[in-house]
Amino acid sequence: MESGSSAAQKLTTAHGGAAVAVGVQVHQSYKLPDFLLSVNLKYVKLGYHYLISNLLTLSLTPLIAAVIFKAMHTTPDDLRRLCLDLQYNLATIVTCSALLVFGSTFYILTRTRPVYLVDHSCYRPPDSLKMPGQMFLDRMRIAGCFDESSLEFQRKILERSGLGDDTCLPESMHLLPPGLPTMNAARKESEQVIFGALDNLFANTKINPKEIGILVVNSSLFNPTPSLSATIVNKYKLRGNIRSFNLGGMGCSAGVIAVDLTKDLLQIHRNTYAVVVSTENITHNSYRGTQKSMLIPNCLFRVGGAAVLLSNKPSDRKTAKYKLLHIVRTHRGADDKAYRCVYQEEDEGGKTGVNLSKNLMAIAGGALKTNITTLGPLVLPISEQLLFFANLVFNKLLPNNKKIIKKGYIPDFKLAVEHFCIHAGGRAVIDELEKNLDLQPVHVEASRMTLHRFGNTSSSSIWYELAYIEAKKRMKKGHRVWQIAFGSGFKCNSAVWEALRNVEPSANGAWEDCIDMYPVKIV
C-alpha cells in the first residue's frame, strides 16, 4: 500500500510591517507513521546530539587517563634523567620558549576583543499616547484624505495584525483633525523617544554620558540636519572627540547593523563605552494617500525606540548582561529587483510612501535562506551539521530515484539557542517562522507579545522582545538568544548573544507596568 501527498509551506518575512509569503513546496510520504512525533525517537535524537557534540572530549579521555597513569608512576630518578636531557638540549629549549612567547604575543595582539552588552533600555510611551484600533480608524476618517476603500482596507489589516489597544502613536496623530507631518512635530517625537530611552539607560547603569566614546544612531526614514546623533551629543554634552555615526534608510534590520558597526569600532578603540540608539519616526512618515501597497505601515508601525550600552572593557564582564557571539548580515542589493523591492517614492497624487513590489516575496525568502544557511555552521552543534550534510549528500547521490521522496533536512535551531527574538513586523511573519523553524509557542511568545503591546517599532522591536524575556525572568546564565530582523535593500541580519549571568529586568523597563498581564491570547 502506498500513498503520497505534497504540502505547500509558506515562508514569511516583512519590511515596513508588510507580511511577505514565500512558497516552498515540501513533499511528504505517508507510507509509515510519522516517526517525528515518536517520543522514543525524540530521546534517540537527543542522545545522538550529546554523543556527537562531546565526541572530542570522549576521544581525548583515554589519552588523558594514560598521561595521568604514567605521571603517577614517575619516580624521582625519572625526573632527574629528564632534567639532564634538557640541559644538553639548550637550543631546543630556547627555540621552544621563543616560539611560545612569539605565539602568545601574536595571539594577544590579533585576537578579537569581546563585546559586552552592559544594559539596554526600551522607551515606554506615556498612556496619553495610547491609541486603540477603533480610535485609529476614527482619526483616519477625520483626516479626510482616505476614501472608503482605503479605510476598509486599513480596518481589515488592523483586525488581522495582532496589535492590541495599548499601542501608541505620536501626539500629532491624536489631534482633531490629525496634524500634518511637520518637521517640528517629527523632531519632538524623536527627541521624546530617544531621550526617554537614554535617560533610563544612564540612570540604570550609573554611567556618566561623557564616558561614551562611540555613538551610533539608526533611523530609517527621518534624518534631519543636524543629525539625530548630533542632537544626542548636544543634549548630553558628550565629549568633543566622540566617534558618532548616523545610519539612515536601512529599514527594520538597521539595529543589528548598528551593533555590527559598533563591534568593529570596539575592536580598534580599547577600554571604550559605546551607545547604540535604534528608533523610527511615525510623524514624518505617515502615508496619506490611497495606494494600498503604501497603507500597511500606517496600521502596523507604532512609537518606540531603544538604547543599548556596549563595552569592550574586561572589567565589565562581571556586570554585563550578555556577550556578543556572532553577527551575520545578508545583503541582496546588488540585484536590481532586490534593490527596488521596497522603494520609497511618491504615488500618483504626489503623496510619499514606501512601495512594495511584486518581487518582494522571492527576494525576501532568498535573503532569509542565505542568512540562516550562513549562521547555521556558527551556532549549530556538530550533530545537526552532520545530519544536514548527510541529507544533502544523500539527495545528491540519488537525484533521479522517484521512489524516494526527497525532503530537505531543517536543522533544529532549538539545540543552538534557547530564546528567539524575531522582528515583530507582523503577525504572519511570526506565524511562518514559528512553523518553518519548528519552534514552540514559548519561543515566539516574546515576538507576539511585543507586537501586541507595542506594535511594529521597526529596528527596536528585537530589544523590546529581549526585554520581555528578561521581565519574565527566563534568561539564565549560559543561555543564547538569536535576534533576527529584515530590512529594505533587501537585507536579513542576525545577532546571537550569550547571557553572562541570570539576567534580571532593569528598573523602569518597558514591561514593568504590564508584564503580569502577559502572555495574552491573540485571536
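## Cysteines

Cys 168 is buried, because its relative accessible area is 2% and the cut-off for buried is under 20%. Cys 122 is buried too, at 7% relative accessibility. This is a predicted model. The structure contains 0 disulfides.

## Helix α9

Helix α9 runs over residues 254–268 and has 15 residues. How far apart should its ends be? At 1.5 Å a residue, the expected span is 21 Å. The C-alpha atoms at its ends lie 22 Å apart, which agrees with that value.

Is α9 enclosed or open to the outside? Of its 15 residues, 11 are buried, so the rest of the structure largely encloses this helix. The N-terminal part supplies a run of buried residues: Ala 254, Gly 255, Val 256, Ile 257, Ala 258, Val 259 and Asp 260 are among them. Thr 262, Leu 265, Leu 266 and Gln 267 are buried as well.

## Helices α15 and α16

Helix α15 covers residues 445–454, and helix α16 covers residues 461–471. The two pack at an angle of about 115 degrees. Their axes are 9 Å apart. Angles of 65 to 115 degrees count as roughly perpendicular, and α15 and α16 are therefore roughly perpendicular to each other. Their crossing is right-handed.

Which residues make the contact? From α15 come Glu 445, Ala 446, Ser 447, Met 449, Thr 450 and Phe 454. From α16 come Ser 461, Tyr 464, Glu 465, Tyr 468 and Ile 469.

Note on methods: Residues numbered from 1 in each chain as written. Predicted model: local features only at pLDDT ≥ 70, side-chain atom pairs only at ≥ 80, totals over all residues. Heavy atoms only, no water. Disulfide = S-S within 2.5 Å. Buried < 20%, exposed > 50% of the residue type's maximum accessible area, 1.4 Å probe, protein only. Helix = DSSP H or I, 4+ residues; strand = E, 2+ residues; numbered from the N terminus. Expected span 1.5 Å × (residues − 1). Axes fitted to C-alpha atoms, helices over the stretch in contact; angles between N-to-C directions. Parallel < 35°, antiparallel > 145°, perpendicular 65-115°, else oblique. Left-handed = near helix turned anticlockwise from the far one by under 90°. Contact = heavy atoms within 4.5 Å.
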